[in-house]
Amino acid sequence: MTYGSGPTAVEAIRDVSFSIRPGEFVCIVGPSGCGKTTLLKSIAGLLRPTHGTALIQGRVVDGPPEQLALVFQEYTRSLLPWLTVRRNVELPLKARREKRDECASRTVDALHAVGLSGFEDKYPWQLSGGMQQRAAIARAIAYRPAVLLMDEPFASVDAQTRADLEDLLLRVQQETGVTVVFVTHDIDEAVYLGHRVIVLSGRPTVVRETVDVPMGWPRDQVATKADPRFVELRTHVLRQIHRERTEHPPQTH
Ligand code: ADP
Ligand code: MG
């Protein structure tokens with residue numbers, strides 16, 4: 001994916017290719033500016049790549065697929081400010097013409113799961129940043145997509161909320177079997193959450209390595225992170241990213 005053309009062109013992604021099995025939880029890590037958001041937008045059909053294609057269930061993505069939900073990095077811009085939290089969560093369900101009762105009960109369940117019961121009638125701007133992001137996550141969960149794309153969804157919440165949301169997401173993934181593609185620059189988070197971690201290089205971006213995480217489920221914030229296999233894997237990935245930064249320092253443009 002190259003943005004623009006001529007001398008000001010930015011080659012965001014050079015050659016990134018991988019496939020993901022249904023029900024898999026894949027984390028993508030890479031240095032800031034390497035094209036993680038660009039990659040997710042291409043998969044989501046929000047951006048047409050310069051070359052290459054994304055396929056979901058064998059079909060080329062040429063616009064936002066119905067079975068997919070995306071949780072954006074910029075939570076302050078992902079909820080509609082003129083709708084209450086409840087209406088925001090219900091919106092995609094109504095667009096898909098779910099029955100009214102079904103919309104209501106899924107919305108209640110999803111808001112409960114993210115700890116926002118009691119805030120249904122608030123507007124997004126009446127909530128803290130972390131709460132807005134939880135509402136955006138509730139909207140994605142309530143929709144029950146086949147594929148859930150998440151762009152650094154927990155980057156702006158405090159550490160405890162973050163751990164809670166990670167475990168919530170793992171629980172939802174186990175219960176629903178949703179395929180998750182989760183972008184983060186937090187290596188511990190990637191190893192903790194994923195079946196597999198895809199490590200991207202700095203720009204021009206390629207896949208540096210794919211790391212299988214052989215630890216079982218359910219995962220546990222304390223026990224998993226103390227497991228020698230976890231420590232070994234996170235150190236391995238950290239070393240990769242570190243080498244990436246020293247051998248390929250960030251380009252300016
Ligand atoms: P990441 O999410 O990994 O931080 P991005 O996908 O946001 O990276 O951006 C990758 C590169 O493409 C960056 O150098 C960024 O400045 C550039 N870029 C992103 N969006 C645009 C755009 N709309 N126009 C031009 N350049 C862009
Ligand atoms: Mg990004």
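How does the lining of the second largest pocket divide by class into nonpolar, polar and charged residues? It has 15 nonpolar, 2 polar and 2 charged residues. Welcome to a short tour of this predicted model, which takes in a bound ligand, the pockets, the cavities and a few notable spots in the backbone. The second largest pocket lies between two domains, while ligand 1 is surrounded by 12 residues.

**Around ligand 1**

- Of the 12 residues that surround ligand 1, the closest are Gly 33, Gly 35, Lys 36, Thr 37 and Thr 38.
- By class, this shell is made up of 4 nonpolar, 6 polar and 2 charged residues.
- Helix H1, which spans residues 36–43, gives the most to the shell, with 3 residues.
- Two contacts involve oxygen atoms of the ligand: a polar backbone atom of Gly 35 is 3.0 Å from an oxygen atom of ligand 1, and an N or O atom in the side chain of Thr 37 is 2.9 Å from an oxygen atom of ligand 1.
- Tyr 3 offers a polar side-chain atom that lies 3.4 Å from a nitrogen atom of ligand 1.
- Taken alone, ligand 1 exposes 560 Å², and the protein buries 64% of that.

**The largest pocket**

- This pocket has a volume of about 850 Å³.
- Its lining counts 31 residues, and those nearest the centre are Phe 18, Ile 43, Thr 53, Ala 54 and Leu 55.
- Several elements each supply at least two residues of this lining: strand E3 (13–15), H1, strand E5 (55–56), strand E8 (147–151) and strand E9 (179–183).
- H1 thus turns up here as a supplier to the pocket lining, and also as the element that gives the most to the shell around ligand 1.
- Sorted by class, the lining of the largest pocket holds 16 nonpolar, 11 polar and 4 charged residues.

**The second largest pocket**

- Here the volume is about 450 Å³.
- The lining has 19 residues, with Leu 68, Ala 69, Leu 70, Phe 72 and Pro 92 nearest the centre of the pocket.
- Strand E7 (68–71), helix H2 (85–95) and helix H4 (129–143) each supply at least two residues of the lining.
- Domain 1 (9–67 + 145–253) and domain 2 (80–144) both contribute lining residues, so this pocket lies between them.

**The cavities**

- The model has 2 cavities of 30 Å³ or more.
- The largest cavity holds about 40 Å³ of space.
- Its lining is formed by Glu 152, Pro 153, Phe 154, Ala 155, Arg 162, Thr 184, His 185, Asp 186 and Glu 189, which divide into 3 nonpolar, 2 polar and 4 charged residues.
- For the second largest cavity, the volume is about 30 Å³.
- Thr 37, Leu 40, Lys 41, Leu 70, Phe 72, Gln 73 and Asp 151 line the second largest cavity, and by class they are 3 nonpolar, 2 polar and 2 charged.
- H1 gives the most to the lining of this second largest cavity, with 3 residues.
- Some of these names will be familiar: Thr 37 is among the residues closest to ligand 1, and Leu 70 and Phe 72 are among those nearest the centre of the second largest pocket.

**Backbone spots worth a look**

- As background, most peptide bonds are trans, and most residues other than glycine have a negative phi.
- The peptide bond from Arg 203 to Pro 204 is cis, with omega near -10°.
- Pro 204 sits in the loop between strand E10 (196–200) and strand E11 (205–212).
- Trp 217 and Pro 218 are likewise joined by a cis peptide bond, with omega about -5°.
- Pro 218 is placed in the loop between E11 and helix H7 (223–226).
- Gln 57 has a positive phi, near 50°, in a residue other than glycine.
- You can find Gln 57 in the loop between E5 and strand E6 (59–60), and E5 itself supplies at least two residues of the lining of the largest pocket.

Key. Residues are numbered from 1 along each chain as its sequence is written. Chains are lettered from A and ligands numbered from 1 in the order in which they are written. This is a predicted model: local features need pLDDT of at least 70, side-chain atom pairs count only at pLDDT 80 or more; totals for chains, interfaces and linings use all residues. Side-chain values use heavy atoms; hydrogens and water are left out. A residue is near a molecule or strand if one of its heavy atoms lies within 4 Å of it. A polar contact is a pair of N or O atoms within 3.5 Å; within protein, one must be able to donate a hydrogen and the other to accept it, and residues adjacent in sequence count only if both atoms are side-chain atoms. Accessible areas come from the Shrake-Rupley method with a 1.4 Å probe; for residues, only the protein chains shown count as cover. Helices (H or I, at least four residues) and strands (E, at least two) are DSSP runs, numbered from the N terminus. Ala, Val, Leu, Ile, Met, Phe, Trp, Tyr, Cys and Pro count as nonpolar, Asp, Glu, Lys and Arg as charged, and the others, Gly among them, as polar. On a 1 Å grid over the protein atoms alone, a cavity is a set of points where a 1.4 Å probe fits but cannot get out, and a pocket is an open set with protein on both sides within 12 Å along at least five of seven lines; lining residues have an atom within 4 Å of a point. Grid points are joined across faces, edges and corners, and a volume is the space filled by probe spheres set on the points. Domain bounds come from an automatic or database domain assignment.
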